[in-house]
Amino acid sequence: MRASPDDAAARARASSPSHAAGPASRAELDRLLELAARDTGAHAGALFLLAPEGEALRLEVATGMPADFLAPWFGVGLSNHVPVADAVRERRLVWLSKPQEIAHRYPRTAIAMPYHFAAAAAPILTGSAAWGALLLIWPCCDTAEVPAPSHERVGAACRRLGRFLRDAADAGHPVTPAAYPRTASQPPAKEWEPSQALAAAQFAARLPGGSGTLDLEGRFTYLSETAAGLLGGTVPGLLGRRPWEALSWSADPAFEDRFRAAVVSRQQESFTAMVPPGRWLAFELHPDATGVSVRIVPLGPCRVRNAARPRSPAPRGAPIALGELYQVLHLAAALSEALGVGDVVDLVAEEMLPTFHAQTLALALLIPEDGRLRFIGCRGYNPCPKEMFTGAVFTSPAAVGTLAEGVPAFFATFEEMLDVYPRAPRREGLDAWAYLPLIASGRPVGLCVLAFDRPHLFSGNQRTVLTALAGLIAQALERARLYDTSKELAEALQAAMLPDSLPDLPGLDVAARYLPSVRGMDIGGDFYDLVRVDDTTAAAVIGDVQGHHVRAAALMGRIRPAIRSQAVAGAAPAEALRQANRQMVDLDPGRFVSCLYARLDLDQRQALLATAGHPPPVLLHPDGHAEVLTVPPGLLLGIDPEADYPTTEIPLEPGTVLALYTDGLIETPGIDLDDAMAGLATRVAGAARQSMDLLATDLIDHARRTAPRTDDIALLLIRSVAVA
């Protein structure tokens, strides 16, 4: 998605360095987010703001659950296939009514949050300007489908947020995404009389087993003496701490995972766990908007036999946090969708910078030809060092040394780096570094560098996670390099099959574009041509070979010259298509071709058109109104050797524009084809005074923005102009 002019203006205001959003603005955003959740019946929600550059969403604040639960989406590129990005890019509400639908439509989301919930993502807009996205979450069980939320209430919440963000920017106090997302503060807890609090504690103490409460961050806020004893700790030692961090035996992530499930789904959760030296405990979690109540009951011998056996013991040392495990899974799923090297760079930066609270990330590839590390991308909240531009050689002693040894290097401070590499250059504003060699198939392919703006102690867990991520990145880069090589080959082949340039014809202003589909090898069978027949006559051709692959391109490479030879010979449209059709039938390639042929008579100011099953052209009249022409259809080329192709004559007065295109320009999922063609005519009419080159760019840019394209686009624009 590219930002509209209104978007660009809003982003420019929002990125003004002379103003910054204050605490009052953040508090108002929190209030509006909580109001949105309350009005729509959601139990949790999150606000994403569009970054100043307009190409990514960043999580600003969450309510009803910790912001850390949404760690995989701290930074989301607008091209990513996640609900909030789709909502903004396509400017529509994305509704997911049950877990199965989330898993089917957004598998990466389901991997990172494998819990039962329903969700809605909606764009925050004012006019054509986009400001961000609103995410709302509802309780959901395994199979039941949650009724869709009121579109009016979700829309009203987005409008309130949009107006606030627009007004703040207009007033010179834009609200831009913070460096790290926050969780909205919870309303003050109900004050209990001392006698009531004592009675509640006595009530809990009398119950069999133990009782406790956790806040939404997972910290103990109350614990009975019995519960503390069952857990193997003390009340003072556990209050204010998370059980999976405070209890040495809780290496199994079941406790944290079930706690997260209870908070996200708002459903009771239960599980069993073994406490050394062999005692089994049953846990019940009962969530609400303020936290989670916990019941802990010892299991008798007969019930132990039916309890789940514990997982294999974790390696010695503290366990890796569950959120970090989900982050590895999420990045692995994301990288599996990356195509080129640029996609890998963007995804790695979007995932790793916010997750590890780093300021800068750089990726470099080892170039086999010269054995040097060359930058392929640098991203960060702080500007990257000037020497880290794409293509530059990475000469840092730490980088070269790390890659040579093949072992990750972590420097908590710049002084630590100097101890190992005395000649290491000082980077202003960056004080801690992680150098991760990228190893694929046992050989180095590059280097990933994370930099922090303050001293950073890398725990053993974080080093393990970063090392694992480096392996995933290395494999993704290897695939991406192969893709880019194939893409370059495909683009060269495609360019060789299309005209190098359009002829300069007095009396015509022309422009052409070719846009490959967003997937595959970027090669297909769409083609166009403009042929000068003589001083006052030209022929324009546009066509589309069935399919999108190398075979389609190969067939295009045979049929376009055949039609061109007919044009050079001065054949009329009907005759040119008849000859091409017979040749297609003789070839018998097992596929068909659509084609539109127009003979332009600049002396008589008229055009003669014939079509072989191709979308009709758009005609812009000199008075400024545009229409989709009705051209009698003929059969696709390659079906019937005796097919005939009726012709249509149209005037070609100065100022007339003829727009020829392939169906990739107008086909959008869910949009009627006639409506799409009418929309194209409206866009052409709205740009009547533009040059053909500018109009072609505008039409292609609109096609990029409106929906993911699965087909190629060929476009040929012809304007008749007066000759001096």
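The questions and answers below go through a predicted model and ask what supports each label given to its parts.

Q: What is the overall make-up of the protein in terms of helices, strands and buried residues?
A: The protein has 21 helices and 28 strands, and 51% of its 724 residues count as buried. About 32000 Å² of the protein is exposed, with carbon and sulfur atoms supplying 55% of that area. Among contacts between residues at least 6 apart in sequence, 64% join residues at least 24 apart.

Q: Why is Leu 231 called buried?
A: Leu 231 has a relative accessible area of 1%, and buried means under 20%, so Leu 231 is placed in the buried class. This residue lies in helix H8, which covers residues 225-231.

Q: What makes Leu 231 a point where parts of the chain separated in sequence come together in space?
A: Leu 231 and Val 275 are 44 residues apart in sequence, and their C-alpha atoms are 7.3 Å apart. Leaving aside neighbours within four places, the contacts of Leu 231 include Val 275, Phe 220, Trp 249, Phe 283 and Ile 296.

Q: Which residues touch the most other members of the largest nonpolar core?
A: In this core of 64 residues, they are Phe 48, Leu 57, Met 65, Leu 70, Val 84, Leu 231 and Phe 283. Helix H11, residues 254-265, contributes the largest share of the core, with 6 residues. A second, separate core has 38 residues, including Ala 334, Val 341, Val 445 and Ala 470.

Q: Which residues does Phe 48 touch, once those up to four places away in sequence are not counted?
A: Among them are Leu 57, Trp 73, Val 84, Trp 131 and Leu 135, and the list also includes Arg 58 and Glu 60.

Q: Why is the pair Arg 258 and Glu 269 called a salt bridge?
A: The closest N and O atoms of Arg 258 and Glu 269 are 2.8 Å apart, and the criterion asks for a side-chain nitrogen of Lys or Arg within 4 Å of a carboxyl oxygen of Asp or Glu, so the pair qualifies. Arg 258 lies in helix H11 and Glu 269 in strand E10 (residues 269-275), so the salt bridge ties together parts that are 11 residues apart in sequence.

Q: Why do Arg 258 and Glu 269 carry the labels partly exposed and buried, respectively?
A: The boundary for buried is under 20% relative accessible area. Glu 269, at 13%, therefore counts as buried, whereas Arg 258, at 21%, counts as partly exposed.

Q: How do you know that Arg 443 and Glu 478 form a salt bridge, and which elements does the pair tie together?
A: Their closest N and O atoms are 2.6 Å apart, which is set against a limit of 4 Å. Arg 443 is in strand E17 (residues 443-452) and Glu 478 in helix H17, so the pair ties together parts that are 35 residues apart in sequence. Arg 443 has 42% relative accessibility and counts as partly exposed.

Q: How many salt bridges does the structure hold, and which residues are joined into one network?
A: The structure holds 25 salt bridges. Arg 26, Asp 30, Glu 60 and Arg 182 are joined into one network by salt bridges that share partners.

Q: What makes the phi of Arg 605 and of Arg 91 worth noting?
A: Most residues other than glycine have a negative phi. Arg 605 has a positive phi near 55 degrees, and Arg 91 has a positive phi of about 55 degrees. Arg 605 lies in the loop between strand E21 (593-601) and strand E22 (606-612), while Arg 91 is in the loop between helix H3 (83-90) and strand E4 (94-96). With a relative accessible area of 18%, Arg 605 is buried; Arg 91, with 31%, is partly exposed.

Q: Which residues make the nonpolar surface patch of about 240 Å², and why is Ile 639 called partly exposed?
A: The patch is made by Phe 592, Leu 635 and Ile 639. Ile 639 has a relative accessible area of 41%, and partly exposed lies between the 20% and 50% limits, so the label fits. Ile 639 is found in the loop between strand E25 (633-634) and strand E26 (647-651).

Terms used. Residues numbered from 1 in each chain as written. Predicted model: local features only at pLDDT ≥ 70, side-chain atom pairs only at ≥ 80, totals over all residues. Heavy atoms only, no water. Patch = residues over 30% accessible without salt bridge, like charges linked within 9 Å, V, L, I, M, F, W, Y side chains within 5 Å. Areas by Shrake-Rupley, 256 points an atom, 1.4 Å probe, with all protein chains shown as cover. Helix = DSSP H or I, 4+ residues; strand = E, 2+ residues; numbered from the N terminus. Buried < 20%, exposed > 50% of the residue type's maximum accessible area, 1.4 Å probe, protein only. Core = buried A, V, L, I, M, F, W, Y, C linked by side-chain atoms within 4.5 Å. Contact = heavy atoms within 4.5 Å.
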